[in-house]
Amino acid sequence: VAREARRTGKTVHFGRVFPICVEKDAELKRPEALKVYKGRVVFQGNQVKDQFGDWAIFQEIASAPASIAAAKAADAYGLLHGNGVEQCDAEQAYIQSKLRGDPTWVSLPEEEWPVHWKGKYTHPVCPLVLSLYGHPASGAYWEQHCEAKLKQVGFVPITEEWRSCFWHPRLRCMLVVYVDDFKLAGPDKFRPEAWKLIGQQIKTDKPKPSARFLGCEHRVITVTKEGGPFLDTGTDTHTQPKPGTRMAIWDQTKFMQSCVDVYLEHSKLNRTSLRTAATPFLEDTQKLLEEDEEGTGSLQPSAAKILMKILYGARYTRYDLLKAVSDLASRVTKWSLACDRRLHRLVSYIDSTWDKVLVGWVGDRLEDIHLDLYVDADFAGDKKTMKSTSGCVLALSGPNTYLPLSAGSHKQQCVSHSS
């Protein structure tokens with residue numbers, strides 16, 4: 001095949017496929033009897049050569065899965081009176097689409113060779129026709145295939161900024177697609193038809209009530225008492241839910257516990273070293289500033305892995321962690337002993353508050369709900385660079401509605417000399 005491609009001047013790619021077995025949701029550390037294992041055949045995307053034996057060059061093509069905020073918006077829409085939210089998985093999603101671009105030939109594991117290959121060939125290859133998981137372009141081809149099929153049954157993309165999110169004007173249903181996970185929110189009387197239309201074009205399993213999506217447990221309760229399940233803090237910060245209001249709970253408590261476990265594994269510390277912490281921050285004492293010398297921290301090799309795991313939880317449900325994580329993430333290449341201490345304090349705080357969840361409720365008509373954007377900034381909060389940090393929270397609000405969609409914490413790029 002390579003000789004023929006060189007002779008004709010065509011570009012072809014060569015790779016291999018192999019089977020793997022993975023444990024689903026391994027971070028939850030389920031008992032052995034409850035573990036679920038999944039087998040699949042994948043393409044080894046980091047070892048692809050062309051007809052000359054050189055590394056293959058792929059087209060600039062990328063996928064853009066839905067965002068966390070889009071998933072929460074679907075949850076919010078499902079909380080409206082008469083609405084609901086369900087989800088399902090596309091079965092073997094990637095290989096429902098065809099692989100395009102330069103022809104790709106693959107080597108099969110020898111145990112999968114047809115009988116007539118054995119003893120006849122030394123290195124047989126066969127064409128890869130479908131977008132097998134692992135190929136650098138498979139995600140993009142599946143996304144294009146999925147969008148085209150959804151458009152055929154009346155779904156239209158919502159906006160360029162929220163990719164892989166669709167709206168069905170007649171059925172008034174909102175669909176969020178994250179790779180092979182489909183989340184559909186809309187009126188109870190129209191959702192079955194919407195699922196039927198999707199199933200006509202894309203092979204999926206049976207829809208079920210929304211539960212776990214993007215690694216976060218999601219459940220809906222009905223408020224039974226004035227003020228909901230909140231303790232009275234004496235401060236009127238936002239509207240309180242009324243009895244009968246539907247409330248969504250996003251729960252990553254098990255994930256946050258796994259963040260603590262990862263830290264203890266890499267730091268070689270015991271859980272007893274984690275003391276109760278009321279905030280994720282250490283006070284900027286003179287001693288801490290003296291310890292902030294680049295290259296003195298022992299956790300620098302593991303810092304990125306620990307922080308990126310915590311960051312996912314912070315972006316989804318734990319907005320109180322965003323500033324502490326982003327501050328430390330900006331120091332990954334300039335890690336110090338002070339960073340070690342700040343990370344330990346952050347993880348101690350997570351261990352003290354692992355049971356915290358994010359909640360939001362919708363008890364108004366759609367026309368009575370609006371977006372609120374809360375913004376603020378500190379002043380020269382970073383004592384080393386004297387830079388300030390901006391923060392924001394975007395939420396749906398109404399007389400009987402409050403549902404946070406997203407939040408952010410970003411260090412400013414310039415130094416301010418006054419507030």
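Two strands count as paired when DSSP finds at least two bridges between them. With that in hand, let's walk through this predicted model, starting with its sheet.

## The sheet

Seven strands make up an open sheet, and reading across it gives the order 12-13-14-15-18-17-16, with antiparallel pairing. Strand 12 (212-213) and strand 16 (370-377) sit at the edges with a single partner strand each, so one side of each has no neighbour in the sheet. As a reminder, strands of a sheet pair through backbone hydrogen bonds, either parallel or antiparallel.

Here are three of the strand pairs, with their bridges and one facing pair of residues from each.

| Strand pair | Bridges | Residues facing each other |
|---|---|---|
| Strand 13 (residues 216-222) and strand 14 (residues 246-251) | 6 bridges | Arg219 and Ile249 |
| Strand 15 (residues 358-362) and strand 18 | 2 bridges | Trp361 and Tyr402 |
| Strand 17 and strand 18 | 10 bridges | Ser397 and Tyr402 |

Tyr402 of strand 18 is worth finding on screen: Trp361 stands opposite Tyr402, and Tyr402 is also the bridge partner of Ser397. Strands 17 and 18 are joined by a hairpin through 2 residues.

How much of strand 18 is buried? Strand 18 is mostly covered, with 8 of its 11 residues buried. Helix 8 (residues 322-329) lies across strand 17 (389-398) and strand 18 (401-411), and helix 8 runs at about 20° to strand 18.

## Helices 8 and 9

Helix 9 (residues 337-352) contains 16 residues and spans 23 Å from its first C-alpha to its last, close to the 22 Å expected at 1.5 Å a residue. Its buried residues include Ala338, Cys339, Asp340, Leu343, His344 and Leu346. What do the buried residues of helix 9 pack against? Their partners are helix 5 (253-267), helix 6 (286-290), helix 7 (300-316) and helix 8.

Ala324 gives a close-up of helix 8, where this residue is placed. Ala324 has a relative accessibility of 5%, under the 20% cut-off, and therefore counts as buried. Leaving out residues up to four places away in sequence, Ala324 touches Pro280, Phe281 and Leu346. Ala324 and Leu346 are 22 residues apart in sequence, while their C-alpha atoms are 7.1 Å apart in space.

## The nonpolar cores

Leu346 appears again in the largest nonpolar core, which has 56 residues. Which residues have the most contacts inside this core? They are Ile310, Leu321, Leu343 and Leu346. Not counting residues up to four places away in sequence, Leu321 touches Met256, Ile310, Ala314, Leu346, Tyr349 and Ile350. A second, separate core of 22 residues includes Leu150, Leu175, Leu184 and Leu197.

## A buried arginine

Leu184 leads on to Arg191, since Leu184 is one of the residues in contact with Arg191. Arg191 lies in helix 4 (residues 191-201). Is Arg191 buried or exposed? Arg191 is buried, because its relative accessible area of 9% is under the 20% cut-off.

The side chain of Arg191 makes a polar contact with the side chain of Asp188, at 2.6 Å. Setting aside neighbours within four places in sequence, the contacts of Arg191 also include Asn83, Gly84, Val85, Glu86, Cys173, Ala185 and Gly186.

How values were computed:
Residues are numbered from 1 along each chain as its sequence is written. This is a predicted model: local features need pLDDT of at least 70, side-chain atom pairs count only at pLDDT 80 or more; totals for chains, interfaces and linings use all residues. Side-chain values use heavy atoms; hydrogens and water are left out. Helices (H or I, at least four residues) and strands (E, at least two) are DSSP runs, numbered from the N terminus. Contact means heavy atoms within 4.5 Å. Axes are lines fitted to C-alpha atoms, for helices over the stretch in contact, and angles run from 0 to 180 degrees between N-to-C directions. Buried means under 20% relative accessible area, exposed over 50%, partly exposed in between (1.4 Å probe, protein chains only). The expected span of a helix is 1.5 Å times one less than its number of residues. A polar contact is a pair of N or O atoms within 3.5 Å; within protein, one must be able to donate a hydrogen and the other to accept it, and residues adjacent in sequence count only if both atoms are side-chain atoms. A nonpolar core is a set of buried Ala, Val, Leu, Ile, Met, Phe, Trp, Tyr and Cys residues joined through side-chain atoms within 4.5 Å.
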